[in-house]
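This report describes the fold of one protein chain, beginning with its core and ending with its overall dimensions. The sequence and the model are shown first.

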Amino acid sequence: LWSAVAMALGDLGDLRALPALKALLGRAEPREAPAVREAIAILEGRHLPYPNPLREPWTEKYRGIASEMAA
């Protein structure tokens with residue numbers, strides 16, 4: 001659960017989440033710690049943010065599929 005919370009906070013991009021994420025890092029299970037570290041790195045600008053699939057217009061994203069179906 002903590003990894004999902006960390007990824008969501010990293011995705012939001014709000015720097016106010018950094019103290020909470022850093023505190024969480026000490027309590028997270030070893031398997032969840034990498035996601036928390038990654039979210040911290042994203043917010044600190046040391047890691048690229050997660051890709052946002054909604055930024056690309058759907059008409060461009062699925063243009064190839066539509067042309068294949070029309071053929």
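In this predicted model, the largest nonpolar core is made of 10 residues: Ala6, Ala17, Leu18, Leu21, Leu24, Ala28, Val36, Ala39, Ile40 and Leu43. Two elements, α2 (18-25) and α3, each give two or more residues to this core. The largest share, four residues, is supplied by α3.

Leu18 is one of the core residues. Leaving aside residues up to four places away in sequence, Leu18 touches Ile40, Leu43 and Glu44.

**The third helix**

α3 is mostly covered, with eight of its 11 residues buried. The buried residues of α3 are Ala33, Ala35, Val36, Ala39, Ile40, Ala41, Ile42 and Leu43. Their cover includes α1 (2-12) and α2. Just after α3, Gly45 adopts a positive phi of about 80°.

**The loop after α3**

Between α3 (33-43) and α4 (58-61) runs a loop that contains Arg55. Is Arg55 buried or exposed? Its relative accessibility is 65%, and the cut-off for exposed is over 50%, so Arg55 counts as exposed. Arg55 and Glu44 are 11 residues apart along the chain, and their C-alpha atoms are separated by 22 Å.

**The chain as a whole**

The protein contains five helices and zero strands, and the order of elements from the N terminus is α-α-α-α-α. Its radius of gyration is 17 Å, whereas a compact globule of 71 residues would have a value near 11 Å. The table lists further values for the whole protein.

| Property | Value |
|---|---|
| Span of the C-alpha trace along the principal axes | about 55 × 25 × 15 Å |
| Buried residues, as a share of the 71 residues | 24% |
| Exposed area of the protein | about 5,500 Å² |
| Part of the exposed area supplied by carbon and sulfur atoms | 62% |
| Distance between the centres of the positive and negative side-chain sets | 6 Å |

The side chains include 9 positive and 9 negative ones. Of the contacts between residues at least 6 apart in sequence, 45% join residues at least 24 apart.

Taken together, buried residues account for 24% of the protein, while α3 has eight of its 11 residues buried and gives four residues to the largest nonpolar core.

Terms used:
Residues are numbered from 1 along each chain as its sequence is written. This is a predicted model: local features need pLDDT of at least 70, side-chain atom pairs count only at pLDDT 80 or more; totals for chains, interfaces and linings use all residues. Side-chain values use heavy atoms; hydrogens and water are left out. The radius of gyration is taken over C-alpha atoms; the globule rule is 2.2 Å times the number of residues to the power 0.38. Buried means under 20% relative accessible area, exposed over 50%, partly exposed in between (1.4 Å probe, protein chains only). Contact means heavy atoms within 4.5 Å. Accessible areas come from the Shrake-Rupley method with a 1.4 Å probe; for residues, only the protein chains shown count as cover. Lys and Arg count as positive and Asp and Glu as negative; His and the chain ends are not counted. The place of a charge is taken as NZ of Lys, CZ of Arg, CG of Asp or CD of Glu. A nonpolar core is a set of buried Ala, Val, Leu, Ile, Met, Phe, Trp, Tyr and Cys residues joined through side-chain atoms within 4.5 Å.
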